[in-house]
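Visitor: Could you take me on a close look at the aromatic rings in this model? I would like one connected account, with the ring partners explained as we go.

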Amino acid sequence: MPKSMYVDPKQAFKKRNIKFKDIPVCHYDKTIKDELDAKNFTKADLIGIYADMVAIREFETMLMDIKLKGNYNQKDYTYPGPSHLAIGEEATAVGQAYLLGVEDFIFGTHRSHHEVIAKGLSAIKKLSDDELTEIMKSYNNGVNYETVMKYSTAKNTKDLAKDFFMYGIMCELFAKDCGFSRGLGGSMHAFFLPFGIFPNNAIVGGSGPIATGVALYKKCNQKGGVVVANAGDGAAARGPVYESMNFANMDQFKELWEDGYKGGLPIIYNFNNNHYGMGGQTKGETMAYSDLARLAAFTPDQMHAERINGWNPLAMIDAYRRSIDTIKKGEGPVLLDVVTYRLSGHSTSDVMTYRTKEEVEEWSKSDPLTVFPKELVKAGVATQKELDKVRDTVIDRNKRMFMLASDLEISPYTDYDKNPNFLEDLMFSNQTVEKMDDRACDVRMPKEENERFKKIAGQARFAYDATGKMVPKLKQYNIRDAIFEAIFDKYYTDPTLISYGEDVRDWNGAFAVYRGLTEALPYHRLFNAPISESAIVGSAVGYGMAGGRAIVELMYCDFIGCAGDEIFNQMAKWQSMSAGGLKMPVVLRVSVGSKYGAQHSQDWTALCAHIPGLKVVFPVTPYDAKGMMNEALKGTDPVVFFESQRIYDMGERFVKEGVPEGYYEVPFGEPAIRREGKDLTILTIGATLYRALEAAEELEAKYGISAEVIDARSVVPFNYDKVIESVKKTGNILLASDACTRGNILNDMAQNITQMAFDYLDAPPVVLGAKNWITPAFEYDAEFFPQPSWFLDIIHQKLIPLNGYVADQNFTSVELNRKSAKGV
């Protein structure tokens, strides 16, 4: 899109061949003796690698025994949760974690106990005793630390930290209150931020976009370290994974971004290739790549990629040493196709009908927990007796921590009787943070020199002049100005704030909200994303999770479906699933269309409102648009910010003082009375407000009915006080929006109003929405969306008969039932 990048037709049609580079496969061939001679490892290092592998194997064996036998360490125990074991994949995880520091972050999958444990034990080796003690004492107000101190047999801080870590992981697995996420994450979502362990993800491939966003945070904010996105080979079939790898390799990182920010994202896409996506065999059956490493062909030079023997921890360490160096040179991302194998099933309920006993037996001959210790003995690193002692010590730790974590007296579940609002209080953080980092904001010009900023200063901030005459639209300060002003101001306050989406730079966004930002901001704060809604929203989740603030845009509300998992399972849930350990300062701008038919003109507020954990707002005046965007950009919760394309040019018609030039906030959850009345209440969501006001004027003028019109402004949260007080006065309420009537969030609101104001209602609340059809062409707008006359029609038929009125639309109960039976 930038004019500096000329698209030359001669070059486009030039005859040439596209070439691919060779990708190395299992090239590592060094022995332990070779590594010792090169002084790459000490004997203690190698024994430590073995010990960490044993720790993982014993943890997974414990879980398998509990699931299949109901007993471990001679104690009966029931665990009803998921159990996706990584028996056989220990070397893969330990090799990966060996060189990673706490500033390096890993993301995992539903099968990631091994990666979590390996990274945690690696972090303990690298942190000082004082750092470890501070981490242990600060977590959970020291409760876990005190428990482990009381029962641990550790003789030093490092061993105490291992007990602490394994205890926290087990408590999380068993849904105990002392789990690292208070038991709310469990097996498939375990993490511990102080050790650089970011959340695992139960959605296959779900970590891809999020990890990409964390890498984006590191790049845009010049933070050190790399990010590892772990996935299985089956995840390579998922669209969000492809979107993420493309996003991380965008040409603009090399071509357009400023010096100091050039180069691909600092991320390693680590595919643990165990040959099976659950039961389907990837190579030869469900996938087309033959060798997964072929997916590296994302860039002209290909991603740095190789296929590694993941059953050799030293081969993994060698690959990571080179991969980390590649990223430090600014030449990332990296793709690693790690050959491994799970000796256990997909889960403990898997009877493995899809593979032969002979296959498993053949792989078992190369089991790293058998082969690696033999090689250590052969190389003279340790005697078998010494390794047996190491093994026994590790297994003893696992057993001791199991006894603590499984004991209900020592490690209780969260008491919902004593704290019934425990989870309710975790759904939103409701914090105020002016800026996510305390440093100067990187901008290209002073705010006052920006041309749009100067133009807006001259706009009329109230739609009517002193005589009551409407100011010409071109001179009115409108909704798109209001959104711009709030975002523009925040760019000069919060140095971490970034915005991206489709065509937001140069084009100024599809609806010109971002006009003026391109000139003011460097690329690393405002950039065009590929047409990849999953990557756009998912990366924003990661960016916020890492400590930054992001505004991302979906050009049309209808595109929510393209990012459904990222909005509904990721953005909405991580604050509560982390027991408040993570924050999500992400604003998702969503534009509700008109004029463009069935796939570009839908209002899906109900979809977002249905999902716990999302704040959902829909301002329809300039005053509210600016104030509510300010409110969204000061908070730490995810906000879906709906905007109507119908009214971007609408001026401020309600706040007579006009929209303030300075900073202010409009709190979420509080509806606004736009017109006072005494006979009927009308509650609206979105642009329907203005048609409701037209209808109210006609009701008053022709039928003497005084309607009170209330603008919801916010959908989640929503305080009913003003609405209930209005209903107590009027006895009747009509709720209206442009969303289809079936499944409309207004139906929930009507139900709540009925419960809260039943004794004051003269008739049941009535909901007016769009027809339950596809959205037709704009020429038929009046046949589909609520019109002012529809308000009178439904009021006449369902609430208050209008003297002499003849309805055009049929809203009777008989008609409602007819349509329902027809499915419309």
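Visitor: To begin with, over which ring does the charged end of K75 sit, and how many Å from its centre?

Guide: Happy to walk you through it, and please keep in mind that this is a predicted model. The ring you are asking about belongs to F402: the charged end of K75 sits over it, 5.9 Å from the ring centre. A second contact of this kind involves R646, whose charged end sits over the ring of F785 at 4.5 Å from the centre.

Let us turn from charges over rings to rings beside rings. The structure holds 47 aromatic pairs. One of them joins W311 and W363 in an edge-to-face arrangement, with 5.2 Å from centre to centre and 80° between the planes. W311 belongs to the loop between β9 (304–309) and α13 (313–328), while W363 is part of helix α14 (residues 357–364), so this pair ties together parts that are 52 residues apart in sequence. As for their surroundings, W311 has a relative accessible area of 10% and is therefore buried, the cut-off being under 20%. W363, at 25% relative accessibility, counts as partly exposed.

F718 and Y720 give us another example: their ring centres are 4.8 Å apart and their planes stand at 80°, so this pair is edge-to-face too, an angle over 60 degrees being what that label requires. Here F718 is buried, with a relative accessible area of 14%, and Y720 also counts as buried, at 13%.

Rings can also join up in larger groups. Y139, F164, F165, F180, F192 and F195 are linked by ring pairs into a cluster.

To place some of this against the backbone, have a look at the open sheet of 7 strands, which runs in the order β12-β11-β13-β14-β16-β15-β20 with mixed pairing. At its edges stand β12 (526–528) and β20 (714–716); each has a single partner strand, so one side of each is left without a neighbour in the sheet. On average, neighbouring strands here are turned by 20° against each other, direction ignored. Within the sheet, β15 (residues 615–617) and β16 (residues 639–644) pair in the parallel sense over 3 bridges, and V616 has V640 in β16 as its bridge partner.

Note on methods: Residues are numbered from 1 along each chain as its sequence is written. This is a predicted model: local features need pLDDT of at least 70, side-chain atom pairs count only at pLDDT 80 or more; totals for chains, interfaces and linings use all residues. Side-chain values use heavy atoms; hydrogens and water are left out. Two strands pair if DSSP finds at least two bridges between them. Helices (H or I, at least four residues) and strands (E, at least two) are DSSP runs, numbered from the N terminus. Axes are lines fitted to C-alpha atoms, for helices over the stretch in contact, and angles run from 0 to 180 degrees between N-to-C directions. Rings of Phe, Tyr and Trp (its six-membered ring) pair if their centres lie within 6.5 Å; planes under 30 degrees apart count as stacked, over 60 as edge-to-face and the rest as tilted. Buried means under 20% relative accessible area, exposed over 50%, partly exposed in between (1.4 Å probe, protein chains only). A charge sits over a ring if NZ of Lys or CZ of Arg is within 6 Å of the ring centre and within 35 degrees of the ring normal.
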